[in-house]
Amino acid sequence: MIRLPDACGVLREYAPRTEPAVPAAPAAGSPPLVSRTVFSAAHVVADPFADTTPDGPAAVDWDATLAFRRHLWSHGLGVAEAMDTAQRGMGLDWAAAAELIRRSAAEAAACGGRIACGVGTDQLTGPAASLDEVRAAYEEQLAVVEEAGAQAIVMASRATAALARGPEDYLELYGHLLRQASEPVILHWLGPMFDPALTGYWGSEDLDAATETFLAVIAEHPDKVDGVKISLLDAGREVALRRRLPGGVRCYTGDDFNYPELIAGEDPAAGGRFSHALLGVFDPLAPLAAEAVRVLDTGDPAGFRKLLDPTVELSRHLFQAPTRYYKTGVVFLAWLAGHQEHFAMVGGMQSARSLPHLARAYELADSLGLFPDPALAEARMRHLLAVYGVAA
């Protein structure tokens with residue numbers, strides 16, 4: 001038994017699992033995922049021995065960071081690199097992100113893994129003077145991603161949100177970038193629950209109006225848009241939007257609250273539309289998510305939901321408001337699972353969630369059987385509790 005603090009700070013007994021429910025590595029000869037394209041946005045592993053500060057340059061443990069990406073690829077998932085989950089704009093600066101993109105893209109090429117990388121404007125460390133400056137920043141990052149041989153994910157930009165006067169500015173800026181892209185990109189709509197600075201993106205705080213601008217960008221350049229990633233935590237809005245996408249343009253769900261139903265898709269009688277996936281929660285859920293998609297590949301959506309539906313409680317816990325701090329729970333679970341030797345994060349973000357929040361994350365993940373070595377996870381949880389003054 002282990003004593004865990006609840007949301008009221010009351011210690012209660014919990015009996016950890018003794019065996020994992022999912023394999024740490026896929027079985028030999030596991031088939032590739034075919035019915036859905038699935039990316040996991042991946043976290044970075046900090047260098048815990050670097051003498052840095054929360055507002056200083058990011059110090060990354062490159063060996064451990066790349067090892068985690070090999071773990072994701074081994075299960076058949078693609079890696080969405082240098083995204084929000086990797087703490088872009090929350091500890092990971094552009095210099096470190098560019099290095100991450102180059103290293104991960106080279107690793108992907110070496111092991112045959114799929115990779116797509118975030119293109120933003122975060123090298124602008126102060127307010128941009130004009131949208132031309134924003135466009136130049138996007139172009140610089142797009143060149144880095146394309147030179148690395150990766151697919152580009154055009155991310156929402158704080159600088160764009162601050163300067164754009166209305167929908168016409170978004171149409172002009174994104175049209176220019178899409179014409180420049182050498183290969184089809186993924187457009188990312190990240191909602192303000194993930195980053196308050198993105199409020200009013202696409203020219204309006206009215207999401208219906210913003211959706212029209214977003215769709216107009218795609219309609220003008222459908223040959224340059226592989227897909228769209230929707231991170232609004234609104235399943236109904238995602239379903240309505242994906243029904244309006246041009247043929248050949250994928251919808252990648254970024255809804256960490258409703259992903260099982262969105263990936264499973266609609267009844268064939270309703271058109272049979274579905275979402276692919278580009279999810280931060282698939283960082284800790286990779287083995288189970290891959291197993292579920294392989295079940296879906298056999299034509300068994302009920303079996304897929306049976307595996308994935310129980311994970312939603314954990315995901316909703318990790319992504320609870322303030323949602324932008326979900327990265328802390330993701331890295332915490334990676335430490336408990338043995339993917340890294342410490343619970344430290346770039347920018348000092350390991351302190352962004354409370355002990356009761358982390359304790360509940362441990363309990364939910366353990367109850368799902370996510371930890372390859374439950375005894376190791378329990379021991380590390382006990383160490384953390386001791387640091388906070390909880391007696392064994």
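Select D206 and D208 to begin: D206 caps the N-terminal end of helix 6, with a side-chain oxygen placed 2.8 Å from the backbone nitrogen of D208, a polar contact being a pair of N or O atoms within 3.5 Å in which, within protein, one must be able to donate a hydrogen and the other to accept it, while residues adjacent in sequence count only if both atoms are side-chain atoms. This is a predicted model, in which local features need pLDDT of at least 70, side-chain atom pairs count only at pLDDT 80 or more, and totals for chains, interfaces and linings use all residues. Residues are numbered from 1 along each chain as its sequence is written, and side-chain values use heavy atoms, with hydrogens and water left out.

Next, extend the selection to residues 207-220, which form helix 6; helices (H or I, at least four residues) and strands (E, at least two) are DSSP runs, numbered from the N terminus. Its buried residues include F214, L215 and I218, where buried means under 20% relative accessible area, exposed over 50% and partly exposed in between (1.4 Å probe, protein chains only). The buried residues of helix 6 pack against helix 5 (167-180), strand 7 (185-190), strand 8 (225-231) and helix 7 (235-242), contact meaning heavy atoms within 4.5 Å.

Then select W202, in the loop between strand 7 and helix 6, which has a positive phi of about 70° although it is not a glycine. W202 counts as buried because its relative accessibility is 1%.

Finally, go to P322, in the loop between helix 11 (312-318) and helix 12 (326-336), where a cis peptide bond joins A321 and P322, with omega about -5°.

How values were computed:
Expected span 1.5 Å × (residues − 1).
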